[in-house]
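User: I have a few questions on charge pairs and pockets. Can we go through them one at a time?
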Amino acid sequence: EMDRIRLLLQLPLFGFPKPSTLYRSFDRAPMHLWRAFLNRSSKLLERSGHTAVDSTFFERHQASTHYLRRTDRSVETLKVTFLIDTAEQAIIDVHCSAKWPNDAVVGPKLTSRNSNKMVSLAADKGYDSAAFRDELRENGVRPLIKHRLYQPIDHAHNARIDDERYNQRQLTETVNSAIKRSILDSVRSITWFLQFREVILAATVHNIKRSTSSESRFRTGIQ
């Protein structure tokens, strides 16, 4: 595998760093650098501003059960929330947590730093929050979030939602599935911050793969 990567990068035989060197570099690079990679990779894909958000879980596999006992760590899954653009399923931003926060708390964190790239946001009832909707509207983003059915008026609110745009929320599940099938189905780093970086890197790889497949389809269409 390393030989194939070396050829793609056009590196000499002894110019490719050893796996241990790569791991140490992965450890040293700060999170803002990985997020910058993610941001640049998302720009490789066409974006419409119509976005969707949803969460998924990644298993936290460790080589040593002794380490888990010593650190008194019982949470075995990582909650990851992806904010995507629905045009070409570009991942715009990612939120990771080992504490499983409420979706209505995570949603505003993602949208507040990306509202300038958004026209609308589709999300399920887990993100139902009047404060969240108000914040989106203040930033010029149309909220497409289903209401929980507590009162008859909630049915009316849901009936007014643009179904075509709202149903694009399902593309987040497509992205989740694509990442777990072909890139990353579990995180293996020992520390939580390295696990977060694994997820960010996987999202970046997803964007790059999507962009290369889009370019291939474009070239085929021209021919």
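User: What do the side chains of Asp-103 and Lys-79 form?
Analyst: A salt bridge, at 2.9 Å from N to O. Keep in mind that this is a predicted model.

User: Which parts does that pair tie together?
Analyst: Asp-103 lies in helix H5, residues 103–112, and Lys-79 in strand S2, residues 77–85. The two parts are 24 residues apart in sequence, so the pair ties them together.

User: Is Asp-103 buried or exposed?
Analyst: Asp-103 is buried, at 14% relative accessibility. Its partner Lys-79 is buried too, with a relative accessible area of 8%. Both count as buried because the cut-off is under 20%.

User: Why would such side chains pair at all?
Analyst: Side chains of opposite charge can pair when their charged atoms come close.

User: How many salt bridges are in the whole structure?
Analyst: A search finds eight.

User: What does Arg-113 pair with?
Analyst: Arg-113 forms a salt bridge with Asp-93. Their closest N and O atoms are 2.5 Å apart. This pair links distant parts of the chain, 20 residues apart. Arg-113 is in the loop between H5 and strand S4 (120–123), and Asp-93 is in strand S3, residues 90–97.

User: How accessible is each partner?
Analyst: Arg-113 is partly exposed, with a relative accessible area of 42%. Asp-93 is buried, at 6%.

User: Which residues are linked with those two in a network?
Analyst: Arg-35 joins Asp-93 and Arg-113 in a network of salt bridges.

User: And what about Arg-142?
Analyst: Arg-142 forms a salt bridge with Asp-162, and the closest N and O atoms are 4.0 Å apart. Arg-142 lies in strand S5, residues 142–145. Asp-162 lies in the loop between helix H7 (152–159) and helix H8 (163–166). The parts are 20 residues apart in sequence, so this pair ties them together. Arg-142 is partly exposed at 42% relative accessibility, and Asp-162 is partly exposed at 27%.

User: Switching to pockets. How much space lies in the second largest pocket?
Analyst: About 230 Å³.

User: What lines the second largest pocket?
Analyst: The lining includes Arg-142 again, along with Arg-133, Arg-137, Pro-143, Leu-144, Ile-145, His-147, His-157, Arg-160 and Ile-161. By type, there are four nonpolar, two polar and four charged residues.

User: Which element gives the most to that lining?
Analyst: S5, with four residues. Helix H6 (130–138) and S5 are the elements that give two or more.

User: Tell me about Arg-133. Where is it, and is it buried or exposed?
Analyst: Arg-133 is in helix H6. Arg-133 counts as buried, at 6% relative accessibility.

User: What does the side chain of Arg-133 reach?
Analyst: The backbone oxygen of Lys-146, at 3.4 Å. Leaving aside neighbours within four places in sequence, Arg-133 is in contact with Asp-128, Pro-143, Ile-145, Lys-146 and His-147. Pro-143, Ile-145 and His-147 are also among the residues of the pocket lining.

User: Last one: where is Lys-125?
Analyst: Lys-125 is in the loop between S4 and H6. Lys-125 is partly exposed, with a relative accessible area of 36%.

User: What is Lys-125 in contact with?
Analyst: Beyond neighbours within four places in sequence, Lys-125 is in contact with Lys-146, His-147, Arg-148 and Leu-149. The C-alpha atoms of Lys-125 and Ala-104 are separated by 9.1 Å, with the two residues 21 apart along the chain.

Notes: Residues numbered from 1 in each chain as written. Predicted model: local features only at pLDDT ≥ 70, side-chain atom pairs only at ≥ 80, totals over all residues. Heavy atoms only, no water. Buried < 20%, exposed > 50% of the residue type's maximum accessible area, 1.4 Å probe, protein only. 1 Å grid on protein atoms, 1.4 Å probe; cavity = no way out; pocket = protein on both sides within 12 Å on 5 of 7 lines; lining within 4 Å. Points joined across faces, edges and corners; volume = space filled by probe spheres on them. Nonpolar A, V, L, I, M, F, W, Y, C, P; charged D, E, K, R; others polar. Polar contact = N/O pair within 3.5 Å; in protein donor to acceptor, adjacent residues only side chain to side chain. Contact = heavy atoms within 4.5 Å.
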